Amino acid sequence: MFRFCAVFLSFFLVVSCTKKETAENTVLTPDQLAVHGKTVYQLNCVACHGADPKVDGPVGPSIAGSSKELIEARVMRTQYPDDYKPKRTSHTMVALPHLQNEIPALHAYLNSL
């Protein structure tokens, strides 16, 4: 019985002390990043920009092909990069700071279309 407990305890310690791969440590290929970006888009952007980012949505303009700088400025601060002329004059977009780590994925998706 002692031997079983020692083996079990050793196994438990090895497994619990092993570094686990997290989503933050995972490196995605460009295609995987775009697929993830599509999911992020569908969950956060469709209501205003529509299902197809290449055409204007019910509230927001088409955003396919947007630069990373534009996506970051709009998503994080609802601002525009310097020297950018907005497609619309409305200012209805709200900041979505919870998407900060998803900006590369959104950029990959919007530029894969």
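Okay, look at Arg74 and Tyr80. The charged end of Arg74 sits over the ring of Tyr80, 4.2 Å from the centre of that ring. Keep in mind that this is a predicted model, and that goes for everything I show you today.

Now, what about rings next to rings? A pair of aromatic rings is described by the distance of the centres and the angle of the planes. How many aromatic pairs does the count come to here? The count comes to 2.

Let me take Tyr41 and Tyr109. Their pair is tilted, with 5.7 Å from centre to centre and 50 degrees between the planes. Where do these two tyrosines lie? Tyr41 is in helix H2, residues 30-44, and Tyr109 is in helix H5, residues 103-110, so this pair ties together parts that are 68 residues apart in sequence. Are they buried or exposed? Tyr41 is buried, at a relative accessible area of 0%. Tyr109 is buried too, at 8%.

The other pair brings us back to Tyr80. Tyr80 pairs with Tyr84, and this one is stacked: 5.5 Å centre to centre, 15 degrees between the planes. Why stacked? Because the angle of 15 degrees falls under the 30 degrees that the label asks for. As for accessibility, Tyr80 is partly exposed at 25%, and Tyr84 is partly exposed at 29%. So if you click on Tyr80 in the structure, look for two neighbours: the ring of Tyr84 and the charged end of Arg74.

While we're on helix H2, have a look at Lys38, which also lies in that helix. Lys38 is partly exposed, with a relative accessible area of 39%. Along the chain, Lys38 and Ala105 are 67 residues apart, yet their C-alpha atoms are separated by 7.8 Å. Ala105 falls within the residues 103-110 of helix H5.

Last stop, the cysteines. A disulfide is a covalent bond between the sulfur atoms of two cysteines. How many disulfides do we get? The count comes to 0. Why does Cys45 not form one? The closest cysteine sulfur to that of Cys45 is in Cys48, and at 8.6 Å it is too far for a bond. To be called a disulfide, the sulfur atoms would have to be within 2.5 Å. From the other side, the sulfur of Cys48 has Cys45 as its closest cysteine sulfur, again at 8.6 Å. Their surroundings are worth a look as well: Cys45 is buried, at 12%, whereas Cys48 is partly exposed, at 37%.

Conventions:
Residues numbered from 1 in each chain as written. Predicted model: local features only at pLDDT ≥ 70, side-chain atom pairs only at ≥ 80, totals over all residues. Heavy atoms only, no water. Phe/Tyr/Trp six-rings, centres within 6.5 Å; stacked < 30°, edge-to-face > 60°. Helix = DSSP H or I, 4+ residues; strand = E, 2+ residues; numbered from the N terminus. Buried < 20%, exposed > 50% of the residue type's maximum accessible area, 1.4 Å probe, protein only. Lys NZ or Arg CZ within 6 Å of the ring centre and 35° of its normal.
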